[in-house]
Amino acid sequence: MTVSNASLEAKQLIKILGITEPYVDVENIAKQLNINLILEELDDDVSGFLVIKDKEPTIIVNKLHGKNRRRFTIAHEIGHFKLHAASGKKIGRASCRERV
């Protein structure tokens, strides 16, 4: 998957959901995509990950991280969901080493 494909997919999702303002409510996007969100205490170097079990997607986010980091992680994992969600396994991990 290329960056340009990911960017195109994000733009299409924003258009489909009718988002017109600069602030993007990533939690609402997850809700509209029927993705569960769980805030959990994780190791500091783990910001979050996506799990799909029994065709039910869930994003687990490190509740110890700041609000902006959590928003980035949710958006990042939504990207994994939209681009790679067919495998049914843990798909992706946004670590603190990835820059916002």
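# A pocket lined by three helices, and the fold around it

The largest pocket has a volume of about 360 Å³. Eighteen is the number of residues lining this pocket, and those closest to its centre are Ala 6, Ala 10, Ala 75, Ile 78 and Gly 79. The model described here is a predicted one. Three helices, H1, H2 (26-32) and H3 (67-84), each contribute at least two residues to the lining of the largest pocket. The most comes from H3, which supplies eight residues of that lining. By residue class, the lining comprises eleven nonpolar, five polar and two charged residues. Pockets of this kind are found with a probe: rolling one the size of a water molecule over the atoms shows where empty space is left.

The pocket belongs to a chain with three helices and four strands. Along the sequence, these elements follow the pattern α-α-β-β-β-α-β. Of the 100 residues in the chain, 31% are buried. Among contacts between residues at least 6 apart in sequence, 48% join residues at least 24 apart.

Helix H1 covers residues 3-16. Its 14 residues should span 20 Å at 1.5 Å a residue, and the C-alpha atoms at its ends are 20 Å apart, so the expected and computed spans agree. Just after H1, Gly 18 adopts a positive phi of about 70°. Ala 10, one of the residues closest to the centre of the largest pocket, lies in helix H1. Its relative accessibility is 37%, so Ala 10 counts as partly exposed. Ala 75 is also among the residues closest to the pocket centre. Ala 10 and Ala 75 are 65 residues apart in sequence, and their C-alpha atoms are 9.4 Å apart in space.

A salt bridge provides another link between H1 and H3. Side chains of opposite charge can pair when their charged atoms come close. The structure holds one salt bridge, in which the side chains of Lys 82 and Glu 9 meet at 3.9 Å, N to O. Because Lys 82 lies in helix H3 and Glu 9 in helix H1, the pair ties together parts that are 73 residues apart in sequence. With 35% relative accessibility, Lys 82 counts as partly exposed. Glu 9 is likewise partly exposed, its relative accessible area being 24%.

Helix H3 has 18 residues and reaches 25 Å from its first C-alpha to its last, close to the 26 Å expected at 1.5 Å a residue. An α-helix has 3.6 residues a turn, so residues three or four places apart point the same way. The buried residues of H3 are Arg 69, Thr 73, Ile 74, Glu 77, Ile 78, His 80 and Phe 81. Ile 74, which is placed in H3, has a relative accessibility of 3% and therefore counts as buried. Beyond residues up to four places away in sequence, Ile 74 touches Val 26, Glu 27, Leu 37, Ile 59 and Val 61. Ile 74 and Leu 50 are 24 residues apart along the chain, with a separation of 9.0 Å between their C-alpha atoms.

Helix H2 can be followed through Ile 29, which lies within it. Ile 29 counts as buried because its relative accessibility is 6%. Apart from neighbours within four places in sequence, Ile 29 is in contact with Leu 13, Leu 17, Ile 19, Val 24 and Ile 78. The C-alpha atoms of Ile 29 and Ile 78 are separated by 8.4 Å, although their positions lie 49 residues apart along the chain as a sequence separation. Ile 78 is also one of the residues closest to the centre of the largest pocket and one of the buried residues of H3.

The loops contain two further backbone features. Asn 34 lies in the loop between H2 and strand E1 (36-40), and has a positive phi of about 60° although it is not a glycine. Its relative accessibility of 61% means that Asn 34 counts as exposed. Asp 54 is found in the loop between strand E2 (46-53) and strand E3 (56-62). The phi of Asp 54 is near 50°, again a positive value in a residue other than glycine. With a relative accessible area of 73%, Asp 54 is exposed.

Terms used:
Residues are numbered from 1 along each chain as its sequence is written. This is a predicted model: local features need pLDDT of at least 70, side-chain atom pairs count only at pLDDT 80 or more; totals for chains, interfaces and linings use all residues. Side-chain values use heavy atoms; hydrogens and water are left out. The expected span of a helix is 1.5 Å times one less than its number of residues. On a 1 Å grid over the protein atoms alone, a cavity is a set of points where a 1.4 Å probe fits but cannot get out, and a pocket is an open set with protein on both sides within 12 Å along at least five of seven lines; lining residues have an atom within 4 Å of a point. Grid points are joined across faces, edges and corners, and a volume is the space filled by probe spheres set on the points. Ala, Val, Leu, Ile, Met, Phe, Trp, Tyr, Cys and Pro count as nonpolar, Asp, Glu, Lys and Arg as charged, and the others, Gly among them, as polar. A salt bridge is a side-chain nitrogen of Lys or Arg within 4 Å of a carboxyl oxygen of Asp or Glu. Buried means under 20% relative accessible area, exposed over 50%, partly exposed in between (1.4 Å probe, protein chains only). Contact means heavy atoms within 4.5 Å.
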